[in-house]
Amino acid sequence: MTSLTYFLPSSQAYEFRSKIQEQCKQICSETGKALKELASAVKTMTKPTSVNIHIEKSKVASRKLKLLLDIILLEDYNLREIIPPAAVALILIDVVPCIEKIANAVHELAYLAHFKTPDSILSP
């Protein structure tokens, strides 16, 4: 029974998660939007238009999250309780450069395959 208490979130775990939650959500949201636009661009063979904005926003959130993780004093927390949310945060930080590489590859593909610009599709 006592081993189960390690899986139940404590107030420390909630506090830690609340400190990093906003930046994690921002990274998830912006990288998701970027990937969705990139997939659509490849599918429709049009150049992605706002993907760089989403990537920049996710990079800003990633830098803020790194800063938060650097300033949070681990001695204030039970390490067992904060490892899962900290691991998620670190994985999200690592995802951002991967999404940027995917975007660069799609931009190169768009150039080499002569993807249309969204404006040229709408105008006759």
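**Helix α3 in a four-helix chain**

The protein chain has four helices and zero strands. What you see is a predicted model. Along the sequence, the order reads α-α-α-α.

Some totals for the chain. It has 124 residues, and 30% of them count as buried. Take the contacts between residues at least 6 apart in sequence: 82% of these join residues at least 24 apart. The exposed surface comes to about 8500 Å², with 63% of it supplied by carbon and sulfur atoms.

The rest of this talk is about α3. Helix α3 runs over residues 79-112, which is 34 residues. How far apart should its ends be? At 1.5 Å a residue, the helix should span 50 Å, and the end C-alpha atoms are 49 Å apart, so the two values agree. There is nevertheless a kink in α3, of about 30°, centred on P85.

P85 is also one of the buried residues of the helix. Before it in the sequence, E81 and I82 are buried. After it come A86, A89, L92, I93, V96, I99, A103, V106 and A110, also buried. What covers them? The cover includes α1, residues 11-44, and α2, residues 51-71.

Now the two ends of α3. At the start, N78 places a side-chain oxygen within 3.1 Å of the backbone nitrogen of R80. Just after the helix, H114 has a positive phi, about 55°.

To recap α3: the kink is centred on P85, the cover over its buried residues includes α1 and α2, and its end-to-end distance agrees with the expected span.

Note on methods:
Residues numbered from 1 in each chain as written. Predicted model: local features only at pLDDT ≥ 70, side-chain atom pairs only at ≥ 80, totals over all residues. Heavy atoms only, no water. Expected span 1.5 Å × (residues − 1). Bend = angle between axes of the 7 residues up to and from the residue. Buried < 20%, exposed > 50% of the residue type's maximum accessible area, 1.4 Å probe, protein only. Contact = heavy atoms within 4.5 Å. Polar contact = N/O pair within 3.5 Å; in protein donor to acceptor, adjacent residues only side chain to side chain. Areas by Shrake-Rupley, 256 points an atom, 1.4 Å probe, with all protein chains shown as cover.
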